[in-house]
Structure formats: structure tokens, C-alpha cells
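Me: I am new to this structure. Please take me through the reasons behind the labels.

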Amino acid sequence: MKFKFSVKLALISLIGNIILGIGIATCRISQFGIDPFTSMNTGVSDTFHFSLGIYQMSFNIVLFVVLVLLSRKNLKYLNIGAIINMFLLGYLVQFFNSVYCSIFKVSTPEQINLGLPMSIIALVVGVLILTLGCSLYITADLGTASYDALSIYMAEVLPISYSICRIITDAICVGIALLFKGPLGIATIVLMFGTGPFITFWNEKVSKPIVKKFS
């Protein structure tokens, strides 16, 4: 199997994941929730006293193995960009959570109280940063992390669209996050249903021009 690779695109993918980590951590300090997948992983990892980085990395590996066992064709999603996302994103979110905790001198992000106006601003800024990071990581086109690949695979083998498959997987994550008391809120709903337009905007205005320039 031939794999696409470029040092410059790998760097763009890494930067995209760093920005994504900042966005998720910023959404969290708003106290309006985070994306469904990270919310689920945060709830489960906190319940069983694992670090988010270790748990999310382990979950991604297991999920990718399952996808490959279901179909060897899913190996096509494995590339440097997917590896960066699968192995580093949880640690990046964990790191930026700790940065915010250090700034506000608290032990957990839930203890940060910004007040309603600043919380709304943090939510909006977090969603914008998060979707910019997603856009850069996706546009670099160096593989697809296991959770994102799951919805694509479902759409290939089931008689339903990718959008519906993504909503299904996100809804399952929300259900598990509710069970394990993950950080859910309005941001979770926005990110379930509204990331498409934001990512499309960033693709056209930022990510595609950057990738075109450096690829």
C-alpha cells in the first residue's frame, strides 16, 4: 500500500492538532462542554483514574485494530497525520487543561469560574479554534484517526449517509459521557451538528491556501 508523506504537510497536521487541543481546552473552561468524543474519554478516564492522554491513545489503538479486523481496507486511513492525532491529541488536551488550571490557580478545569459573559466568549473562541485545528488536520490529508474513520467506514457498509453515521457515533459518545459524567453542554451540541460550516469556512479561507502553498 502506497502512503502519501510530506514533512511540510506533517508539520501542518501537527500544528492543526495543537490548535485543536487548545480549542478543546478553551471550550472546557467555558463550562459549556466539549466535543462528544473527548467528553466521553474525559469521563471514562476520570472515573478509572487514568490520564486522558493514556486513555485516549489506548482507545484509539483498540478502535483502529477493530476497524482493521473488520476490513483490511481500513489500513488506508493510517498515516502520519492519523498517528499524530491518535497518539498526541489526548496529551495535548491534557497539557492545555493544565495550563489553564495553572493560570487560574485551580486543580481542575471545572473549578474555573469565568462568569457568564466571559464563559460565552470562551465558548465561541474555543469552537472557532477547535474547528480551525480540525480543518488544518483534515486538509493536510495524511490519514484519518480511528474515531473519524469509524463514521466513514460505517457509511461505506451501511445504507445511510456519512452525516447520519457521524451523528450516531457522536450520540453514543454523549450517552457514555452522561453515564461517566463527562463535561457535556451546549458546546457538545454545537460540535455535534454545527462543525461542518465552520470547517468549510476555515478550509476555504485558511487551510487550503496554506496546504497549497507548502505542498
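Reply: Start with one term: buried means under 20% relative accessible area, exposed means over 50%, and partly exposed lies in between. Keep in mind that this is a predicted model.

Me: Which residues of α2 are buried?

Reply: In α2, the buried residues are P36, F37, T38, S39, M40, N41, T42, G43, V44 and S45.

Me: Why is α2 called largely enclosed by the rest of the structure?

Reply: Count the residues. Ten of the twelve in α2 are buried, so the label follows.

Me: What covers the buried residues of α2?

Reply: The cover includes helices α1 (7–29), α3 (52–70), α4 (80–104), α6 (146–157), α7 (162–179) and α8.

Me: How do you know that the span of helix α2 agrees with its number of residues?

Reply: The expected span is 1.5 Å times one less than the number of residues. For the twelve residues of α2 (residues 36–47), that gives 16 Å. The end C-alpha atoms are 17 Å apart, which agrees. After α2 comes H49, with a positive phi near 60°.

Me: How many aromatic pairs does a search of the whole structure find?

Reply: The search finds six. One of them joins F37 and F59, 5.8 Å centre to centre with 55° between the planes.

Me: Why is the pair of F37 and F59 called tilted?

Reply: Ring centres must lie within 6.5 Å to pair, and planes under 30 degrees apart count as stacked, over 60 as edge-to-face, the rest as tilted. The centres here are 5.8 Å apart, so the rings pair, and 55° falls in the tilted range.

Me: What makes this pair a tie between parts apart in sequence?

Reply: F37 lies in helix α2 and F59 in helix α3, so the pair links parts 22 residues apart in sequence. F37, Y55, F59 and Y147 form one aromatic cluster.

Me: Is F37 buried or exposed?

Reply: F37 has 9% relative accessibility, under 20%, so F37 is buried. F59 has 27%, between the two limits, so F59 is partly exposed.

Me: Why is the pair of F201 and W202 called edge-to-face?

Reply: Its planes are 65° apart, over 60, so the label fits. The centres are 5.3 Å apart. W202 is buried at 16%, and F201 is partly exposed at 44%.

Me: Which residues make the nonpolar surface patch?

Reply: L116, I120, V124, L128, I186, V190 and F198 make a patch of about 550 Å². Helix α5 gives the most, with four residues.

Me: What makes V124 fit a patch?

Reply: Patch residues need over 30% relative accessible area, and V124 has 44%, so V124 passes that cut-off. V124 is found in helix α5.

How values were computed
Residues numbered from 1 in each chain as written. Predicted model: local features only at pLDDT ≥ 70, side-chain atom pairs only at ≥ 80, totals over all residues. Heavy atoms only, no water. Patch = residues over 30% accessible without salt bridge, like charges linked within 9 Å, V, L, I, M, F, W, Y side chains within 5 Å. Areas by Shrake-Rupley, 256 points an atom, 1.4 Å probe, with all protein chains shown as cover. Salt bridge = Lys/Arg side-chain N within 4 Å of Asp/Glu carboxyl O. Helix = DSSP H or I, 4+ residues; strand = E, 2+ residues; numbered from the N terminus. Buried < 20%, exposed > 50% of the residue type's maximum accessible area, 1.4 Å probe, protein only. Contact = heavy atoms within 4.5 Å.
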